Amino acid sequence: QVQLVESGGGVVQTGGSLRLSCASSASGIIFPLFDMGWYRQAPGKQRELVAFISKTGSTNYADSVKGRFTISRDNPKNTVYLQMNNLKPEDTAVYYCHAQLGTGGSQYWGQGTQVTVSS
């Protein structure tokens with residue numbers, strides 16, 4: 001069983017920045033094989049994909065965060081990051097880390113971290 005632990009959430013004013021981290025308990029051999037993603041869920045809304053980074057380093061972003069958020073991974077540290085700049089009130093949500101071992105493979109979720117952007 002792989003555990004994912006998010007950190008870095010908090011309260012920030014509009015225009016501010018936060019960096020989320022997701023540390024994985026997967027071994028140093030397995031973690032690089034995971035495709036990793038950050039999702040978010042606002043109250044009353046469905047969970048949505050915010051940013052994705054493949055095992056090869058390819059990235060993809062939701063249109064709403066392009067140019068403001070950056071996903072990256074540090075395989076030796078078994079960690080994935082989400083740098084969030086120019087935050088807006090509509091970015092307020094619980095942010096979840098997700099790991100999947102290839103298409104259709106085992107997948108895991110973190111417990112989530114709250115991000116609140118005040119206007």
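Strands, written E, are DSSP runs of at least two residues, numbered from the N terminus. The exercises below use this naming for a predicted model.

**Exercise 1. Determine where Asn78 and Asn86 are located, and decide for each whether it is buried, partly exposed or exposed.**

Solution.
Step 1. Asn78 belongs to the loop that runs between strand E7 (69–74) and strand E8 (79–84).
Step 2. The backbone angle phi of Asn78 is near 50 degrees, which is a positive value in a residue other than glycine.
Step 3. A residue is called buried when its relative accessible area is under 20%. Asn78 has a relative accessible area of 11%, so Asn78 is buried.
Step 4. Asn86 is placed in the loop between E8 and E9. Its phi is likewise a positive value, near 50 degrees, in a residue other than glycine.
Step 5. The class between 20% and 50% is partly exposed. With 43% relative accessibility, Asn86 therefore counts as partly exposed.

**Exercise 2. Find how many disulfides the structure holds, and describe the cysteines involved.**

Solution.
Step 1. Searching the whole structure yields 1 disulfide.
Step 2. Two cysteine sulfur atoms form such a pair when they are within 2.5 Å. For Cys22 and Cys97 the S to S distance is 2.1 Å, and a disulfide joins them.
Step 3. Cys22 is part of strand E3 (residues 18–24), while Cys97 is part of strand E9 (residues 93–100); the pair therefore ties together parts that are 75 residues apart in sequence.
Step 4. The torsion about the S-S bond of Cys22 and Cys97 is about -80 degrees, and the disulfide is therefore left-handed.
Step 5. Both Cys22 and Cys97 are buried.

**Exercise 3. Establish how strand E4 is paired with E9 and E5, and how many of its residues are buried.**

Solution.
Step 1. Strand E4 covers residues 35–41, and 5 of its 7 residues are buried, so E4 is largely enclosed by the rest of the structure.
Step 2. With E9, strand E4 pairs in the antiparallel sense over 7 bridges. In this pairing, Asp35 stands opposite Gln100 of E9.
Step 3. With strand E5 (residues 48–53), E4 also pairs in the antiparallel sense, over 5 bridges. Here Gly37 has Phe52 of E5 as its bridge partner.
Step 4. E4 and E5 form a hairpin with 6 residues between the strands, and in this hairpin Gly44 adopts a positive phi near 75 degrees.

Terms used:
Residues are numbered from 1 along each chain as its sequence is written. This is a predicted model: local features need pLDDT of at least 70, side-chain atom pairs count only at pLDDT 80 or more; totals for chains, interfaces and linings use all residues. Side-chain values use heavy atoms; hydrogens and water are left out. Helices (H or I, at least four residues) and strands (E, at least two) are DSSP runs, numbered from the N terminus. Buried means under 20% relative accessible area, exposed over 50%, partly exposed in between (1.4 Å probe, protein chains only). Two strands pair if DSSP finds at least two bridges between them.
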